[in-house]
Amino acid sequence: MSYLYFPGCSLKGTGRAYEDSMLAVFQALETPLEELEDWNCCGATAYMAISELKAFALSARNLALAEAKKGTADYINLIAPCAACYLVLNKANKYLRDYPDIRKKINPALDAAGLSYKGTVKVRHPLDILANDIGGERISRLVKKPLKGLKVACYYGCQIVRPYADFDNQHNPTSMNIIMKALGAETLDWPLKTRCCGGSLTGTVQETGMRLGYVILREAQRRGADVIATACPLCQFNLECYQKQMGSAYNDKIDMPVAYFSQLMGLAFGMDDKKLGINRLFVPIKSSQLAGGAYVRG
Amino acid sequence: MPDLPGWRKIKYEEDLDPGFADEIASIPGGEHLFNCIQCGTCSGMCPLSPEMDYTPRRIIAMIRAGFRREVLSSYTCWLCASCYSCAVECPKNVKITDIMYAAKRLAIREGVAPSRFPISVLAREFFNQVHSKGRTNEGRLIMRLYMKSNPLKALKQASMGLKLWMQGRISIGSESIKRKEELHKLLGAIETERMVQKRDVVTHKEAR
Ligand code: SF4
Ligand code: SF4
């Protein structure tokens with residue numbers, strides 16, 4: 001089965017470490033990802049606020065480009081690691097299928113651009129592929145440095161598991177936990193797995209955005225997490241980059257590494273820090289801390 | 001309370017817009033609006049309701065009662081982070097998030113969105129970048145956002161920006177797709193939802 005890959009704007013920018021580590025890990029699992037040629041912005045949430053149809057049209061172009069790669073197969077998988085891209089592409093796919101009104105307007109527009117879309121793309125998240133197609137068993141076989149003793153708070157964020165996804169439980173998702181356990185890590189039991197990180201509010205109404213992030217970080221810290229594992233570039237950014245400001249705003253000390261789950265996979269696979277973009281983190285977690293068969297704090 | 005001409009604390013029926021509910025219900029995702037039983041689950045789930053001027057449940061009730069102006073000029077829809085917590089828990093399948101989006105679009109279209117309020121500025125900036133390049137660049141997006149809504153804040157954030165830049169996480173060069181004509185044909189073919197261009201010029205001037 002072949003996998004097409006939709007990076008989205010963030011994975012080429014603030015989320016570069018996500019792309020680096022994701023590609024490396026999938027390569028190691030012998031499931032290389034092929035980047036969708038000439039992809040465009042998914043439309044994201046901001047675009048939705050201006051023109052819904054244009055937002056759907058943007059997604060539709062990506063879906064059409066992906067479908068053109070399908071060949072003779074029944075469908076093709078398009079992998080979108082960014083939670084916002086994943087949600088928006090998934091939503092466009094479902095709305096194009098369920099609302100004839102939308103189809104009636106999008107199809108002629110695609111046609112005008114020399115494209116067409118029949119609906120044979122499956123939009124999927126890497127967590128889904130890893131937990132359900134590849135499986136914990138295959139992942140654990142590649143582990144060279146088990147993450148023994150590392151307490152991971154799996155944080156899914158809001159847009160991966162709801163409302164259009166069907167690969168995991170919307171209230172208590174477990175796919176990332178499965179992956180982390182396969183790496184030998186311990187996963188934290190906590191109630192804020194899918195709580196909103198603040199999204200773009202950290203850039204717009206900062207006090208409000210930061211409050212949402214702070215609640216998540218404080219809870220992870222209280223419960224003794226060593227690291228928060230994320231699956232979205234915006235969650236990662238919000239939770240990592242404002243820790244100092246949160247500290248002074250709430251008179252608290254927040255010092256919590258926030259890594260992409262794929263970086264933790266790479267570390268456990270014994271890959272080089274640099275290849276995984278560890279140097280791109282504000283609060284790093286290093287492979288040297290994993291030497292000697294167990295995680296060393298500090 | 002928004003300072004609008006003709007604002008009265010008590011509403012008379014002639015202040016309301018009885019067609020508003022139908023208008024919202026006719027958008028994709030708005031179809032279950034009339035099924036709402038006002039249970040309040042959405043407001044309870046919403047991580048932002050404590051900061052909203054009207055909670056999501058109340059917005060739904062106000063839409064149904066025709067409080068057009070109040071809904072469209074509220075901060076609620078702009079504070080909505082599209083986290084979908086409300087929508088997945090709603091016992092009546094009301095797609096509250098989609099309704100919030102519809103309110104945002106109408107507010108921009110009717111010129112009642114707060115013009116320097118950073119969220120609507122962000123949405124417009126984003127729109128313009130994608131329109132011309134097909135992709136966005138976060139560094140430029142954030143820079144323009146601060147310049148337009150709050151230049152002082154740009155300075156305060158400079159040290160974080162520098163750090164990100166040194167880590168190779170932002171650049172200010174612009175990403176662009178190759179087949180831009182294809183994209184332009186596609187977007188051009190969608191009859192514009194009577195948005196912006198003209199109005200946008202005006203608000204950009206204001207922002208300066
Ligand atoms: S959860 Fe649904 S039914 Fe309950 S108040 Fe909100 S919109 Fe209405
Ligand atoms: S989608 Fe918007 S209204 Fe609904 S819970 Fe999230 S922030 Fe609140």
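## Close-up views of a predicted model

**View 1. The exposed side of helix α6 of chain A.** Let's start at the surface of this predicted model: A:Asp101, A:Lys104 and A:Asp111 are exposed on α6(A), across from its buried residues.

**View 2. The buried face of α6(A).** Turning to the other side of the helix, we meet its buried residues, A:Ile102, A:Ile106, A:Ala109 and A:Leu110. Seen down the helix axis, these buried residues fall within an arc of 100°, so they line one face of α6(A). An α-helix has 3.6 residues a turn, so residues three or four places apart point the same way. The cover over the buried residues of α6(A) includes α4 (52-67) and α5 (83-98) of chain A, and chain B joins in with α12 (180-189).

**View 3. α6(A) from end to end.** With 13 residues (100-112) at 1.5 Å a residue, this helix should span 18 Å, which agrees with the 19 Å between its end C-alpha atoms. Just after the helix, look for A:Gly114, which takes a positive phi of about 75°.

**View 4. The two domains of chain A.** Chain A is assigned domain 1 (3-124) and domain 2 (136-295). Their centres, taken over C-alpha atoms, are 25 Å apart. Where the domains meet, 26 residues of domain 1 are in contact with 26 residues of domain 2.

**View 5. The surroundings of ligand 2.** Here 13 residues surround the ligand, and the closest are B:Cys46, B:Cys80, B:Cys83, B:Tyr84 and B:Cys86. In chain B, α6 (85-89) and α7 (96-109) each supply at least two residues of this shell. Sorted by class, the shell holds ten nonpolar and three polar residues, with no charged ones.

Technical notes
Residues numbered from 1 in each chain as written. Chains lettered and ligands numbered in written order. Predicted model: local features only at pLDDT ≥ 70, side-chain atom pairs only at ≥ 80, totals over all residues. Heavy atoms only, no water. Near = heavy atom within 4 Å. Helix = DSSP H or I, 4+ residues; strand = E, 2+ residues; numbered from the N terminus. Nonpolar A, V, L, I, M, F, W, Y, C, P; charged D, E, K, R; others polar. Expected span 1.5 Å × (residues − 1). Buried < 20%, exposed > 50% of the residue type's maximum accessible area, 1.4 Å probe, protein only. Arc of directions from axis to C-beta. Contact = heavy atoms within 4.5 Å. Domains from an automatic or database assignment.
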